[in-house]
Every structure is written in structure tokens, then in C-alpha cells.
Amino acid sequence: MGSSVKIDIKTLLNHSLAEEMTSDVSKDVLERRVFSPKKISVFSEGYTSLEEQPHYKFSNDKEAEKVLPDIINNNVQKIVNDSEKSEKDRKYFAKKRNIGIVFSGGPAPGGHNVIAGIFDEAKRVNPDSTLYGFLLGPDGIIEGNYIEITSSLVDAHRNMGGFSMIKTGRTKIDSKGKIAFSKRTCKDLKLDALVVIGGDDSNTNAAFLAQEFKSSGIQVIGVPKTIDGDIQVRTDCGITLCAISFGFHTAARAFSQNISNLANDSSSDVKYWHICKVMGRVASHLALEGALQTHANLTFIGEELADYVDNERLDKALQNDELDYTAFGITLRHLSRVICDAIVRRAACGKNYGIMILPEGILEFINEIQIFIIKLNKIIADYNKIHDTDFHTSFSNLNEKLDYLKRLTIGLKSEGDISIWNLRDDDLFNQLPTFFQEGLLIERDTHGNFQFSQVKTEKIIIDMVEEYLDMLIENGEYKVGIEEGYYRTTLEQSGLDPDQFGKVLFRNYGNNKFFLVKKTIISRKTLKQALVLEKLIKEDENVPEPVTLIFDKSAPKFMTQLHFYGYDGRGNDPTLFDCNFGYNLGMTAFSLIANGSTGQMAAIKNLEHDFEKWEPLGVPIAKLMHLEERKGSLALVIERSVVDIDSNAFRVFKALREEWLAANPGKDRFRRPGPIRFTGKSEEDRPITLTLNSI
Ligand code: FBP
């Protein structure tokens with residue numbers, strides 16, 4: 001720095017440039033806050049009404065009919081502009097209201113815009129209305145912990161990611177006590193309506209609250225939120241009423257940008273396989289969208305694996321007039337073989353690197369693991385039911401848990417336990433690595449879901465891959481292909497005859513662009529033996545350096561980098577699609593409230609088309625419910641949508657995946673989706689999956 005005078009720190013910090021550069025609020029945030037999302041035309045002014053749409057049919061679940069009698073007969077309702085509203089209806093529409101809002105479950109980009117949409121409509125219609133935000137999720141309702149949502153609070157969060165305005169939580173309002181406390185909070189606040197912004201489980205909860213609150217006149221409206229994309233609404237005859245939940249697009253774009261950056265790095269440094277686990281709980285929608293966005297070399301879609309049939313095994317059994325049930329569904333071992341095959345094929349073309357996408361819920365579709373998950377769910381649920389304590393409290397460490405499982409197999413169980421855990425289960429379970437046993441025994445979430453995000457799925461799979469690749473190295477099958485031109489120049493520069501050595505070194509010399517070292521040459525020692533045998537060198541001579549160099553380059557190292565994409569995408573600021581989607585869902589929720597609905601979920605039809613075609617709807621939550629295993633017993637929940645392997649999006653992926661694997665001498669086919677852009681024309685309109693499915 002020489003003799004230059006240092007500016008004192010106080011003056012430096014007070015300098016306008018330093019203040020601007022160190023402000024918590026970046027220019028992007030400022031731009032986001034003032035951006036106005038588009039409004040569906042019905043919301044532009046005046047009043048809306050609801051048009052019943054009984055032609056959209058759903059088959060009711062018998063249990064839902066029994067426990068949700070007051071909302072099970074709701075129809076789909078279309079929100080329309082209504083300038084002819086009667087005076088009485090106008091008064092009801094515009095009455096002063098108190099509305100409570102709660103986030104439930106994991107954050108999803110676009111959530112703040114749902115609140116902004118409700119706020120703007122509620123205040124436009126009646127500036128005296130008040131919005132309350134329950135803090136930290138459903139706990140805020142139970143415990144009466146809330147804040148008033150003011151315009152300055154809303155303005156600070158417009159078009160911003162996260163749920164930080166009022167925060168979120170995963171508590172389920174499922175007991176009589178919790179429902180009573182919630183009712184008391186809502187009554188104390190004189191709420192007219194409660195809006196639950198959540199996933200399938202939270203909207204399930206919203207339906208139960210709608211039923212419970214009906215007699216008190218408190219309306220309950222759900223809003224479909226989740227990055228997982230597994231809340232989709234289709235009628236019995238397959239008409240799509242809501243193609244996706246908000247947050248999915250942003251998370252998928254955020255993951256994809258990171259994954260495509262890795263593709264850039266990996267194809268430059270050519271030494272790593274990047275293993276990218278992406279969130280999505282059970283469904284593989286995010287993995288599929290990620291594949292379409294990035295053209296990663298290898299992507300697995302859990303839903304496809306579930307349908308896998310090992311035909312070889314099946315045929316073999318059929319020859320003896322037997323049916324081999326183990327041929328249906330994929331095993332971990334088989335999955336690892338499929339992965340190895342792709343790695344070996346790419347390496348043969350000189351590409352010992354690549355990008356692999358694994359959905360976080362892939363294990364759910366692997367038979368042997370799914371059986372463990374189901375059995376352990378049941379064992380834990382039974383234990384909790386029989387004993388007056390919680391399984392995870394009683395057995396705080398893995399050894400105690402394993403010990404309990406062992407006791408189930410040898411009859412030391414307490415009276416009443418059902419031994420679905422047999423010796424074979426115990427043996428197989430004990431063969432799993434400790435971290436994976438711990439993962440499978442992890443506590444289920446409040447809704448009884450297996451917590452996939454906490455299991456190192458990618459590690460268990462890659463460990464098996466590494467083990468098998470070692471075998472393939474041993475028997476000479478896994479080799480890095482040597483490019484013909486490079487080989488020739490390397491040898492010719494040292495005065496060696498490429499043809500003479502090529503025939504001895506390679507198994508496909510002369511008829512390929514990439515040469516593969518013979519399977520028998522697996523070490524420098526076996527290399528020398530081959531050259532001596534073919535009299536290219538003498539026993540006491542060294543292998544020529546260029547030949548050793550070529551051999552070393554052909555010997556693969558399988559180096560991986562493991563990544564987990566989840567929380568980062570969940571917290572991303574929303575794409576334009578999610579800004580618009582969230583905001584219009586908020587206005588839809590308000591319209592449903594102002595027109596007297598309850599037990600409905602705000603939805604938008606035609607998301608897969610241009611914005612001009614978007615249609616706001618209310619969808620009856622009770623009609624979307626069915627019985628499902630949760631915590632070892634059947635519970636009424638909203639059915640999750642998983643990837644449809646007959647959909648256009650999946651079929652396009654399937655048709656192109658061989659090209660994207662690029663196990664050929666050509667170029668990789670990576671796609672650069674680019675960063676999420678808030679302004680500018682390059683930001684896409686909607687998820688690729690939706691666009692393809694609309695064709
Ligand atoms: P929601 O279903 O609540 O939207 O949460 C989605 C999700 O991000 C899943 O993709 C993931 O498996 C899970 O949440 C992670 O949960 P947690 O926040 O408890 O770690």
C-alpha cells in the first residue's frame with residue numbers, strides 16, 4: 001500500500017458507496033419488491049362469482065364420505081367476473097373480514113406472493129379487513145401465536161422466496177385437543193376464514209379443519225404448495241384441473257442451473273462423475289424436469305424402476321413352468337449394474353466423467369428397500385400403540401433398535417406384537433451399512449412420511465457401484481478408450497510404430513475411433529508380459545514410455561462428487577412463473593372466501609398453456625382423498641401424483657436418454673438452462689414437463 005493514507009473505518013462505513021455495497025437489500029431484491037405479477041383477467045376489477053362445475057367428476061372415497069360429510073359434496077367451482085351481482089351478494093363479497101393465513105410444511109418459492117394476492121384482493125375489496133399470519137406453521141394456530149400482516153410486511157416480501165414472513169412448521173392438527181385449541185384461536189381472532197398454504201398432508205388437514213369449523217362458520221381454504229410437484233388435480237376422466245403446485249418450477253430451475261454448472265465443470269476437467277440427488281420425496285417430478293432442463297447423462301425416474309421386470313429371470317423360471325416373483329421390480333444390485341454399464345460405455349469413448357441425477361425417493365421404488373420401509377413403519381407404529389412411549393425415545397441408539405428387531409425374530413417380543421420381522425429380514429438388514437440402517441430407522445415425520453431427505457441414498461447406491469466397478473476393472477471390462485489420433489501421435493513422436501503396438505495393446509485396434517486396451521492387460525506387469533510375448537520388447541527391457549503413458553490413461557479411476565439439491569432450491573427466489581402462479585392462487589383463495597366457499601383448494605387450470613388461458617378454480621379437497629398407509633395404519637389423505645410413465649414428458653425423456661448419455665465418440669449433449677432471470681426475455685414461461693404434456 002506504500003505511503004497512501006488509510007481512510008478511517010467509521011468514515012469508510014459511512015461512505016455512500018460502502019453503504020450501498022453492504023446493504024442487506026440488493027438491487028435484485030429492490031427490483032423484485034416493486035414488480036407486479038400479472039393478474040388473471042377475472043381479478044382485474046369488481047366482483048367475482050363462482051360457477052359450479054358438476055361435470056368435473058371424482059369418485060368419492062367411502063371413508064371420506066363418512067368423515068367429511070359437510071364438504072364431500074362440494075363441486076369444482078370456476079371463478080368468473082360478475083358485474084351483475086345482487087346488492088346483497090355484493091355486500092357479502094365486500095364485507096369486512098378477518099382472515100388467518102398459515103404456511104405448512106417445507107418452504108416453496110412463490111408462497112409470499114400467495115399472501116400478497118390474498119392481501120391485495122382483501123384490501124381492495126374492503127380496506128378494513130385484517131389479515132393475520134400464524135407463526136411457525138400450524139403451531140401458531142394451536143398456540144395462538146400470530147402477527148397482523150401489514151402492507152409494509154407484504155411489500156417487503158413481494159416476489160421473494162422462502163416463507164420467512166411468518167415462517168413454517170410441520171405440526172399436524174390431528175388430535176381433539178389440537179383442534180379445540182385451534183378453534184379457540186380462530187374464534188378469539190373472530191376469523192371469517194383460514195387459508196392453509198401447504199402440501200398434500202396440509203391440504204388434507206385443511207379438509208378436516210373445514211369439516212370441524214363448518215358449524216362455527218369459519219371457512220377453510222387450501223392452497224397447493226410444494227416443490228415436489230406431487231399435488232396435481234385430475235378428474236376421473238383425466239382432465240387436468242391443476243397441473244402442478246407452486247414452487248416446483250423454481251426449485252427445478254435452481255437445481256438445474258447448479259447441475260448444468262457441474263456439467264460444464266465436469267466436461268472441462270473430465271475426471272469426476274457428479275452424483276446429484278434431488279429432492280422430491282417419493283415422486284420423481286423434479287428429477288424428470290432436471291433431466292429435461294440439463295440433459296444430464298444419466299437420470300433415474302423412480303416410477304419407471306417400479307415397473308421393471310427382469311425378463312431373463314422370468315423366462316428362465318417359465319422354462320420350468322414356474323413364476324419367479326422376484327423378477328418383478330428392481331433390486332439395488334441390479335440398479336447399480338445399470339449405472340455401471342452406462343459408466344463403462346461412456347468411459348470406452350474416452351468420457352470417464354459425467355452427470356447423474358437420482359431422485360431422493362428412489363429407494364421407495366426399489367422392492368427390497370420398500371419392504372423394509374413398510375415393515376419398519378408398521379413395527380414402530382405397533383410399538384407406539386402398545387407401549388405408552390415412543391419407539392425412538394425407548395431405543396435411542398442404533399444398537400438398541402437393532403436389538404429390538406432381533407428380539408422380534410426370536411420370540412422375545414411382548415404379548416400382542418406382530419412379528420412381521422423375520423430372520424431373513426434381520427439378516428438382510430444387518431448386511432446394510434450402519435449409516436443406511438440408521439436412515440431406515442429414522443423417525444417418521446408428523447404425517448407419518450418416511451424422511452427421504454435424511455437418508456444418504458446416493459451413498460448407498462454409489463458404494464455398490466464402486467464395488468462392482470472394481471470388479472469390472474479387475475476383469476478388464478472397465479477401460480478408458482484412447483482416441484486414435486492421440487495414440488498415433490504419441491507413439492510416432494517417439495519413433496514407435498503405432499500399428500505394431502496397437503495390435504498387441506488393443507482389442508478393437510483399427511476399427512474404432514476409441515481403442516480399448518485388451519481385457520487381459522490390467523496392470524503394468526501384464527502390459528509388459530503382453531509386449532514380451534509378442535516380441536515387441538525383450539524380458540530385460542522396459543516398456544517404452546509412450547506405451548506406459550497410453551496404458552495409464554486407459555486405466556480408469558472412478559472419482560465421484562456427491563451433491564444434494566433440495567434446501568437451496570426450496571429457498572430460491574421464485575421464477576416469473578411462480579411469482580404469477582402464487583399471486584393468482586392468492587387472489588383465487590380470496591375469491592373463494594368472498595363467495596362463501598369452504599373445504600376447497602385454490603387451483604389454476606391451464607397452467608400448461610399461455611397465461612391468457614389460465615382459469616382460477618376451487619377444487620373440493622375431500623374428493624381428492626383416499627386411504628393410504630401412514631404410521632402403520634390406513635389414513636385418509638390426498639392422493640399424491642407421481643410421474644406418469646405414459647406422459648409425453650416421460651416418453652420424450654425416455655426417447656432421448658440414450659443421446660444424452662452420449663456413450664459415443666460425439667459431443668456431450670448438455671443443455672444450459674441458465675440462471676433464473678427475473679427480467680429479460682430468456683426466462684421460460686413454465687416447466688418443460690408441463691409444456692411437453694400439453695402437446
Ligand atoms: P413439502 O411436502 O412440505 O412441500 O416438503 C417438500 C420437501 O422439500 C421434500 O422434497 C423433502 O423430502 C422434505 O420436504 C424435506 O423435509 P424437511 O424440511 O423436514 O427436511
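**View 1. The ligand sits between two domains.** In this predicted model, domain 1 (42-246 + 577-630) and domain 2 (255-360 + 456-477 + 561-569 + 645-668) each give residues to the shell around the ligand, so the ligand lies between them. Sorted by class, that shell has six charged, five polar and three nonpolar residues.

**View 2. Who comes nearest to the ligand.** There are 14 residues around the ligand, and the ones that come nearest are Gly 106, Arg 170, Asp 228, Glu 360 and Tyr 567.

**View 3. Polar contacts to ligand oxygen.** Start with Thr 226: one of its polar side-chain atoms is 2.9 Å from an oxygen atom of the ligand. Arg 570 also uses its side chain, with an N or O atom 3.0 Å from a ligand oxygen. Gly 280 brings its backbone instead, placing an N or O atom 3.3 Å from an oxygen atom of the ligand. As for cover, the ligand taken alone exposes 490 Å², and the protein buries 89% of that.

**View 4. Helix H15, end to end.** H15 runs over residues 332-348. With 17 residues at 1.5 Å a residue, the helix should span 24 Å, and its end C-alpha atoms are indeed 24 Å apart, so expectation and model agree. Just past the helix comes Gly 350, with a positive phi near 85°.

**View 5. The buried residues of H15.** Here's the list for this helix: the aliphatic names are Leu 332, Leu 335, Ile 339, Ile 343 and Val 344, along with Ala 342, Ala 347 and Ala 348. Ser 336, Cys 340 and Arg 346 are buried too.

Methods
Residues are numbered from 1 along each chain as its sequence is written. This is a predicted model: local features need pLDDT of at least 70, side-chain atom pairs count only at pLDDT 80 or more; totals for chains, interfaces and linings use all residues. Side-chain values use heavy atoms; hydrogens and water are left out. Helices (H or I, at least four residues) and strands (E, at least two) are DSSP runs, numbered from the N terminus. The expected span of a helix is 1.5 Å times one less than its number of residues. Buried means under 20% relative accessible area, exposed over 50%, partly exposed in between (1.4 Å probe, protein chains only). A residue is near a molecule or strand if one of its heavy atoms lies within 4 Å of it. A polar contact is a pair of N or O atoms within 3.5 Å; within protein, one must be able to donate a hydrogen and the other to accept it, and residues adjacent in sequence count only if both atoms are side-chain atoms. Accessible areas come from the Shrake-Rupley method with a 1.4 Å probe; for residues, only the protein chains shown count as cover. Ala, Val, Leu, Ile, Met, Phe, Trp, Tyr, Cys and Pro count as nonpolar, Asp, Glu, Lys and Arg as charged, and the others, Gly among them, as polar. Domain bounds come from an automatic or database domain assignment.
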